[in-house]
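Biologist: I would like a close look at one part of this predicted model, followed by a walk through its surroundings. Please keep it plain enough for a first-year student.

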Amino acid sequence: MIKIITANPQDFSSTDVLFQTPFWGDFKQKINNLDTLYYWVSYQKADAEEKKIFPLLVQIRHTKGNTVYAYTPRAPVINVPESERSSLLEELAMEIKDFLPKDTLFIRFDLPWGVPGVNDVNERVELAELAMNFGTKYHNLRKAPSNHLCPNTVIIDLRPSPEKLLASMRQQTRNAVRRSYKEEVEFMIYDGSSPDIMDKLNAWHEIYQDTGKRKGFYFEKFEYFKVLFESSVAAGKIKPRFELKSKVPLDACVPSPKFYLFTASKENKIISGLILAICGKTAYYMYAASSLENRQYMPNYGLQWEVIRFARSQGCTQYDLMGIPPDNDSSNPMAGLFIFKTGFGGRKVHFGGTWDFPYDEEKYINFAMNEFIQLKG
């Protein structure tokens, strides 16, 4: 049984899932003009005494064709047995319908866990949907034409000592890390409060933009990152204490995620860089860029070691490298990314991907077909 009530985002409990934080919802609302809704959800299985309560962030998205749908990135953030997950999604989709805009066509879940029977990357969609809907009431969960967040990643356990972390790397990767220091590459860290953050961010963005054009992937404009770091500073400001001495203060916001720009330079010129997010005890490898110049110095490898060291110093217990191809297929255009990220050790994780629950089957079929055609086009 599921019950839903609207929530105050400031009251959201702490989570390591960056994409389910009020900060991320507010940032996306600023940069993409997305309406963000917040809820408390209580879940209790019929034959269980325990009731589980979790926060849920939902974005309302509008397509160019005026289709409205709800999107939950990396949610629901709740640990339930694999056998319950599909039924939980179905019931949640049905119960939340009345809280969404009336013209919402479907709700889209970007799952935070794997789903029984749908982890085979080569599996046909029909078989994946059959497995996903097994045991559900309406059998209406549909695999989205594409995944919003990459379902495959590498997560490094940061709890072992630095010596053990180095030892767990592929030998070629470990040698590349050592070479970056031997070649005296200079590594720096900046946050939103650094005096020259915008200058450094702009220099990094030029490389990021060139990298996107060179490799043919989508890249964000500079304004996106400017707002990201400005929002991070604003969210981290400490409010004055004891403003109203006659009342017990009730504000108790959990810490907002923090963002950092890491750069690698040679002869005072940035040749590589990445943006790191820290949310709770999890670090996220969010955005990266590297120049074709001075690649022989292996700056990208040294940067990752700097991130690992820094994340441990901030109390992080895991580092999510945020996206790899599903397997080591040399024909995949992103095969190099698989080799690079898996070389740092860690475990390969396969999330369940992005799934839809339609509220109007006929209209949804037309939408999904158009979305598929646009993706292939």
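Is Phe-27 buried or exposed, and what is its relative accessible area?

Modeller: Phe-27 is buried, and its relative accessible area is 0%. The cut-off for calling a residue buried is under 20%, so a value of 0% puts Phe-27 in that class. Its partner Phe-23 also counts as buried, at 7% relative accessibility. Both residues sit in helix α1, which covers residues 22-32, and because they are four residues apart there, about one helical turn separates them. The ring centres of Phe-23 and Phe-27 are 6.5 Å apart and the planes meet at 10 degrees, so this pair is stacked. A stacked pair needs planes under 30 degrees apart.

A second pair can be set beside this one. The rings of Tyr-224 and Tyr-287 have centres 5.9 Å apart, but their planes lie at 80 degrees, so this pair is edge-to-face. Tyr-224 belongs to helix α7 (residues 222-236) and Tyr-287 to strand β11 (residues 282-290); with these positions 63 residues apart, the pair links distant parts of the chain. Tyr-224 and Tyr-287 are both buried.

Phe-23, Phe-27, Tyr-224 and Tyr-287 are all members of one aromatic cluster. Other members include Phe-19, Trp-24, Trp-204, Tyr-208 and Phe-259. Over the whole structure, the search finds 27 aromatic pairs.

Rings also take part in another arrangement, in which a charged side chain sits over the ring. Arg-108 lies over the face of Tyr-69, at 5.1 Å from the ring centre. Lys-266 does likewise over the face of Tyr-297, at 4.7 Å from the centre of that ring.

Next comes the sheet. Strands of a sheet pair through backbone hydrogen bonds, in either a parallel or an antiparallel sense. Here seven strands make an open sheet with mixed pairing, and their order is β1-β2-β3-β4-β5-β14-β6. At the edges stand β1 (2-6) and β6 (142-143); each has a single partner strand, so one side of each has no neighbour in the sheet. Helix α2 (residues 82-96) packs on this sheet and touches β1, β2, β3, β5 (104-110) and β14 (354-358), with its direction at about 45 degrees to that of β1. Helix α10 (residues 361-376) lies across β5, β6 and β14, and runs at about 60 degrees to β5.

Within the sheet, β2 and strand β3 (residues 52-62) pair in the antiparallel sense over nine bridges. Along this pairing, Asp-35 stands opposite Ile-60 in β3. Strand β2 covers residues 35-43 and contains Ser-42. Ser-42 counts as buried, because its relative accessibility is 14%. Apart from neighbours within four places in sequence, Ser-42 is in contact with Met-1, Ile-2, Lys-3, Lys-51, Lys-52 and Ile-53.

Last come the cysteines. The number of disulfides is zero. For Cys-150, the nearest cysteine sulfur is that of Cys-279, 19 Å away. Two sulfur atoms must lie within 2.5 Å to count as a disulfide, so Cys-150 is in none. Cys-150 is partly exposed, with a relative accessible area of 33%. Cys-316 is in no disulfide either, as its nearest cysteine sulfur, again that of Cys-279, is 9.3 Å away. Unlike Cys-150, which is partly exposed, Cys-316 is buried, at a relative accessible area of 5%.

Notes:
Residues are numbered from 1 along each chain as its sequence is written. This is a predicted model: local features need pLDDT of at least 70, side-chain atom pairs count only at pLDDT 80 or more; totals for chains, interfaces and linings use all residues. Side-chain values use heavy atoms; hydrogens and water are left out. Helices (H or I, at least four residues) and strands (E, at least two) are DSSP runs, numbered from the N terminus. Buried means under 20% relative accessible area, exposed over 50%, partly exposed in between (1.4 Å probe, protein chains only). Contact means heavy atoms within 4.5 Å. Two strands pair if DSSP finds at least two bridges between them. Axes are lines fitted to C-alpha atoms, for helices over the stretch in contact, and angles run from 0 to 180 degrees between N-to-C directions. Rings of Phe, Tyr and Trp (its six-membered ring) pair if their centres lie within 6.5 Å; planes under 30 degrees apart count as stacked, over 60 as edge-to-face and the rest as tilted. A charge sits over a ring if NZ of Lys or CZ of Arg is within 6 Å of the ring centre and within 35 degrees of the ring normal.
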